[in-house]
Amino acid sequence: MKFLHFYIHISPTPRMATWTANPGGRSRFLRQVSHYLLRYATWIPPLIWFNAYVAQVTFIRGPSMYPFLNPQYNESLRKDLCLVWKLYAQEGLRRGMVVTFRNPYDPSKITIKRIVGLEGDVVKTRHPYPYEYAAVPEGHVWVEGDGEKSQDSNYYGPISARLVTGKVTHVLSPWERAGRVRWWEHPLRMGVNRAA
């Protein structure tokens, strides 16, 4: 099927117009499409790599980190938009940091929680954990949500630090709360006997 571009030539006489075909229009169109595809398609692999291994912008869903994140959870459908830094995500973990990790019950899902205990710490647990205290083993962290509705280490116990996929470093939206996540200013959870 041939694509032809038509031009209207209007004559000086009113109500008179003629149509002429431009057979070269198809090749010019294909050249333009190819140019734009090459220009923008070359950015796709680096963007995918950056998103997977360096940093990701993501919406925070659910009440797990309420009221620190999604403080309007009970009032609107608006979600916090955050920057998650993935590069060296499993290194330099500290109590109070907000991290994303693969859910131990379903590794295809990414979960967000706060680190409340590091390896060697002894944590006074909450319901429904079966024991009153839990020791965090080597290479693991104890994570909890800030909100009451949170499925965290009190459900599945300490998680391997190797499951951590990123650190939440900035809130990007809403604008009135945009800025760096100052996790070090968050009060540490009571009931944690810190190893060091």
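1. Strand labels such as β6 refer to DSSP runs of E, at least two residues long, numbered from the N terminus. With that numbering, β6 gives the most to the lining of the second largest pocket: three residues. Note that the model is predicted.

2. Start with the record. An unreviewed UniProt entry carries the annotation "domain: Peptidase S26" over residues 52-126 and 134-171. In the model, the span 134-171 is 45% strand and 11% helix. Its end C-alpha atoms lie 32 Å apart.

3. The largest pocket has a volume of about 470 Å³. Its lining counts 20 residues. Those nearest the pocket centre are Thr100, Lys109, Ile110, Thr111 and Ile112. Four elements each give two or more residues to this lining: α2 (44-53), β3 (55-59), β5 and β6 (110-117). Strand β6 supplies the largest share, four residues. By class, the lining has eight polar, seven nonpolar and five charged residues.

4. Thr100 deserves a closer look. Is Thr100 buried or exposed? The relative accessible area of Thr100 is 7%, and the cut-off for buried is under 20%, so Thr100 counts as buried. Thr100 sits in strand β5, residues 98-102. Yet Thr100 is also among the lining residues nearest the centre of the largest pocket.

5. What does Thr100 touch, leaving aside residues up to four places away in sequence? The contacts are Val84, Ile110, Thr111, Ile112, Leu163, Val164, Thr165, Gly166 and Val168. Ile110, Thr111 and Ile112 reappear among the residues nearest the centre of the largest pocket.

6. The second largest pocket has a volume of about 190 Å³. Its lining has 14 residues. Val116, Asp146, His186, Pro187 and Arg189 lie nearest its centre. By class, the lining divides into six charged, five nonpolar and three polar residues. Strand β6 gives the most to this lining, and β6 also has the largest share in the lining of the largest pocket.

7. Last, enclosed space. How many cavities of 30 Å³ or more does the structure hold? There is one. The largest cavity has a volume of about 40 Å³. Its lining consists of Asn70, Pro71, Gln72, Arg78, Lys79, Asp80 and Pro174. Three of these residues are charged, two are polar and two are nonpolar.

How values were computed. Residues are numbered from 1 along each chain as its sequence is written. This is a predicted model: local features need pLDDT of at least 70, side-chain atom pairs count only at pLDDT 80 or more; totals for chains, interfaces and linings use all residues. Side-chain values use heavy atoms; hydrogens and water are left out. UniProt positions are given in the numbering used here, feature names are shortened, and annotations may be inferred rather than shown by experiment. Buried means under 20% relative accessible area, exposed over 50%, partly exposed in between (1.4 Å probe, protein chains only). Contact means heavy atoms within 4.5 Å. On a 1 Å grid over the protein atoms alone, a cavity is a set of points where a 1.4 Å probe fits but cannot get out, and a pocket is an open set with protein on both sides within 12 Å along at least five of seven lines; lining residues have an atom within 4 Å of a point. Grid points are joined across faces, edges and corners, and a volume is the space filled by probe spheres set on the points. Ala, Val, Leu, Ile, Met, Phe, Trp, Tyr, Cys and Pro count as nonpolar, Asp, Glu, Lys and Arg as charged, and the others, Gly among them, as polar.
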